[in-house]
Amino acid sequence: MLFILLKLLHLLAVLIWVGGMFFAHFFLRPSLQVLQPPERVKLMHGVLQRFFTWVLVLVVVVLASGIGMIGSIHAMAAKAGGQFNMPVSWIVMSILGVVMMAVFGHIRFALFKRLDAAVQAKDWPAGGKALDSIRKLVSLNLAIGLVIVVVLRVPL
């Protein structure tokens with residue numbers, strides 16, 4: 001039962017994180033091109049501030065639930081007198097997930113800090129530059145997230 005709860009939390013957190021990146025990249029950002037740079041930068045700042053706050057929570061949930069699922073399977077195998085060998089797909093998924101978390105950490109604690117400073121200073125060109133850097137790394141994280149979901153989690 002614990003494994004099922006952990007998996008549900010894990011999948012919901014991944015779904016919200018990856019879905020949020022997909023929405024922002026393919027729907028929100030292109031729609032904002034009709035706005036002038038100051039309004040566009042301020043709006044994206046507000047949206048990203050809220051989204052990144054949630055992603056911080058989601059990263060903790062993904063990490064804790066992933067570790068919990070591995071521990072749960074290991075404990076069940078040990079209880080049955082067996083040995084647990086983590087599948088290669090789980091290892092790859094774990095590594096890619098940690099890479100995504102590291103990329104997000106850079107986005108949130110370096111690039112978003114630049115965006116925040118630009119908005120506070122009303123330096124719209126610097127804000128646009130920060131947003132472009134954020135967009136590129138969000139694209140990377142989105143691609144990694146989709147690889148994890150499509151290649152590693154969908155049985156063929």
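**Exercise 1. Is His-10 buried or exposed, and what is its relative accessible area?**

Start with the ground rules. This is a predicted model, in which local features need pLDDT of at least 70 and side-chain atom pairs count only at pLDDT 80 or more, while totals for chains, interfaces and linings use all residues. Residues are numbered from 1 along each chain as its sequence is written, and side-chain values use heavy atoms, with hydrogens and water left out.

Step 1. Take the cut-offs: buried means under 20% relative accessible area, exposed over 50%, and partly exposed in between (1.4 Å probe, protein chains only).
Step 2. Read the value for His-10: 13%.
Step 3. His-10 is therefore buried.

**Exercise 2. Place His-10 in its helix and list its contacts beyond four places in sequence.**

Step 1. His-10 sits in helix α1. Helices (H or I, at least four residues) are DSSP runs, numbered from the N terminus.
Step 2. Contact means heavy atoms within 4.5 Å.
Step 3. With neighbours within four places set aside, His-10 touches Val-62, Ser-65, Gly-66 and Met-69.

**Exercise 3. Describe the largest pocket.**

Step 1. Define it. On a 1 Å grid over the protein atoms alone, a pocket is an open set of points where a 1.4 Å probe fits, with protein on both sides within 12 Å along at least five of seven lines; lining residues have an atom within 4 Å of a point.
Step 2. Its volume, the space filled by probe spheres set on the points, is about 690 Å³.
Step 3. There are 28 lining residues, and His-10, Val-14, Val-62, Met-93 and Ile-148 are the closest to the centre.
Step 4. Helix α1 gives the largest share of the lining, 10 residues.
Step 5. Sort by class: 20 nonpolar, six polar and two charged. Ala, Val, Leu, Ile, Met, Phe, Trp, Tyr, Cys and Pro count as nonpolar, Asp, Glu, Lys and Arg as charged, and the others, Gly among them, as polar.

**Exercise 4. Which helices build the largest nonpolar core?**

Step 1. A nonpolar core is a set of buried Ala, Val, Leu, Ile, Met, Phe, Trp, Tyr and Cys residues joined through side-chain atoms within 4.5 Å.
Step 2. The largest has 34 residues; Trp-17, Met-21, Leu-48, Phe-52, Ile-107, Leu-115 and Ile-134 touch the most other members.
Step 3. α1 (2–31), α2 (37–79), α3 (88–121) and α4 (124–153) each supply at least two residues. α3 gives the most, 10 residues.
Step 4. Check Leu-48: beyond four places in sequence, Leu-48 contacts Phe-112, Leu-115, Leu-131 and Ile-134.
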